[in-house]
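Student: I am new to this structure and would like a close look at a single part of it, taken slowly. Could you guide me through the surroundings of the ligand?

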Amino acid sequence: MALVEINFDGIIGPSHNYAGLSPGNIASANNAGAISQPRAAALQGIEKMRANLRLGLAQGFFMPLDRPNKAWLAGLATDMANAELHIRAAAFSASAMWAANAATVSPAPDTSDGKCHLSAANLLTMAHRSHEWTGTLAQLKLAFADEQHFAVHGPVPPPYGDEGAANFMRLCPSHGEAGVEIFVYGKSGGPFPARQHIESSKAIARAHQLDPERTLFIQQSEAAIAAGAFHNDVVAVANERVLFTHEQAFEEPEAAYAAIRTKMPEAEIVIVPADRVSLADAVQSYLFNAQLVTLPSGEMALILPTESQSNPNVWGWLEEHVAGNGPIRRLVPVDVRQSMANGGGPACLRLRVVANPTTVDQRFIADEAKLDRIAEVIAQYWPESIAPDQIGNSALVEQVQNARLAMLEACDLSALA
Ligand code: SUG
C-alpha cells in the first residue's frame, strides 16, 4: 500500500479544564476560570474523527497522558495535595490533546535514510506543556515501533523551545513524493512568548536527515504572535502543493514566498489579505487552524471550526474562494468548541504522519467500531464538568486516572499505563 497521510488525533483527556495557563493564547486567557466539560469535549473530538473517516481519510488517535503527572510533581518535591495552585493546574492539564504539538514529522520521501522521522517536541515555553514529552515519546515509540520504517527521536534539549508540527509545514506534489519542509520559528522580544526557537528547528532538520536544498527556515511575523498567533498554524496551513496563509503570517512575506517558489515552482500560495480578514479575525475564527486535506476525489477540503462560519468576514472570503477557481473546493465546519476555548482548533488536535498505515501499530488506527468503543468509555468515565477550584480535589483526581485506565484497556494499550 502506498504512503498516505494519516491524521492522529489526541483523544481529549478527562482532566480537560480552563486554567488560563498559556500567555499569548487569547482563548486560553479569555476562558480562564470557566467551567469545562471534558465529556462533551472528548465526544466533539470523536465526532471530528468520524467525520474525517467518512470523508475517506485515514485516521489514527493517541491516548490521553497520565494526569496529574506525579513524576513531574515529585521532581518539584511536591504532590497534588500540597502543590501551589499554579503547579497543580500545570500537572493536571489535558494539553496533550493538541497532537500537532506532539512531534515534528518528516515523511520517508524527504529523509536520506528513507525512514519517517518523528521528534517529540519539548514544549518548554509553557510549564504545563513542558512535561508532556515523556508520555508522548513513550506513545510514539509504541505507535511507530517498526524501525524499518520509522525513527523516533527524543526532544531537543533546553534552552531551545520546540512546538512540533504546529510550527512546521510540508509542501509536496503529492504526500508520497519528496517535498519541501518549512520550519517556522519566532523571535522573542514581543509582548508574548515566541515558542519556537530556530535552533530547535535546525536541530530537527539535522536529526531527520533532511536535504538542505529542500528545507526552509522562515520567521513567523512578530505582529502575528502579538495578535495571538502563538503557533504558526494559527495563521497558515499547507497541504501538498498548496500553502494557505494569512498575508501577515511571516515576518518577510515576499521573501518567504520567493524562497518557497524557488524550491518548489509548482507551489500554489493562497494569500488571505488583511483588509478582508484581519489578524484579529484570523485568531478569533481559527480559519487557518483547519485541516487542509486532499479527499479521495483529488479535491481539497478545509475542515475548519464552526467559529469560522460565524465570522462574516472569514466566511465571506471562503465562499468567494470556493465559488471561484481556488484550490480549496469544499468547506467542512466541525464543532470542537470545548477545545477552541483553550485555543485548540481542528488542526491543533491532529498530528499528520505520512506512512503506509500497515507499518503503524494497528492499535492506534481508527475505524468506526473502535470510535464507538472509545465514545462509550468517554460517556461512562469522563467527568461531565470541571470547575477550576476542583483541580486539586482527590475524588476528581481518582476519577481522571480511572477514566484513562479504562480507555487504555478498551484500546488494548494498557502497556502505556
Ligand atoms: O499550547 N492551549 C494550548 C493550545 C495548543 C494549540 N495547538 C496548536 N496551535 N497547534 C497551548 O497554548 C491552554 C491550557 C489552559 O489554559 O488550561 C493550552 O495549553
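Student: How many nonpolar, polar and charged residues does the shell around the ligand have?

Tutor: Keeping in mind that this is a predicted model, we can begin with the shell around the ligand, which by class has seven nonpolar, eleven polar and three charged residues. In total, 21 residues surround the ligand, and the closest of them are Leu-21, Ser-22, His-128, Asp-233 and Cys-348. Some polar contacts involve the protein backbone: an oxygen atom of the ligand is 3.2 Å from a polar backbone atom of Ala-19, and a backbone N or O atom of Gly-20 likewise lies 3.2 Å from an oxygen atom of the ligand, while a polar backbone atom of Asn-342 is 3.0 Å from a nitrogen atom of the ligand. On its own the ligand has 490 Å² of accessible area, and the protein covers 99% of that area.

From His-128, one of the closest residues to the ligand, we can step to Ser-95, which touches His-128 as well as Arg-129 and Glu-132, leaving aside residues up to four places away in sequence. Ser-95 is found in the loop between α4 (85–92) and β3 (103–106), and Ser-95 counts as buried because its relative accessibility is 1%, where buried means under 20%.

For the wider setting, the largest nonpolar core has 77 residues, and Phe-8, Phe-144, Phe-250 and Val-353 have the most contacts inside it. Apart from that core lies another, of 19 residues, with Val-237, Leu-287, Ala-290 and Leu-318 among them.

Methods:
Residues are numbered from 1 along each chain as its sequence is written. This is a predicted model: local features need pLDDT of at least 70, side-chain atom pairs count only at pLDDT 80 or more; totals for chains, interfaces and linings use all residues. Side-chain values use heavy atoms; hydrogens and water are left out. Helices (H or I, at least four residues) and strands (E, at least two) are DSSP runs, numbered from the N terminus. Buried means under 20% relative accessible area, exposed over 50%, partly exposed in between (1.4 Å probe, protein chains only). Contact means heavy atoms within 4.5 Å. A residue is near a molecule or strand if one of its heavy atoms lies within 4 Å of it. A polar contact is a pair of N or O atoms within 3.5 Å; within protein, one must be able to donate a hydrogen and the other to accept it, and residues adjacent in sequence count only if both atoms are side-chain atoms. Accessible areas come from the Shrake-Rupley method with a 1.4 Å probe; for residues, only the protein chains shown count as cover. Ala, Val, Leu, Ile, Met, Phe, Trp, Tyr, Cys and Pro count as nonpolar, Asp, Glu, Lys and Arg as charged, and the others, Gly among them, as polar. A nonpolar core is a set of buried Ala, Val, Leu, Ile, Met, Phe, Trp, Tyr and Cys residues joined through side-chain atoms within 4.5 Å.
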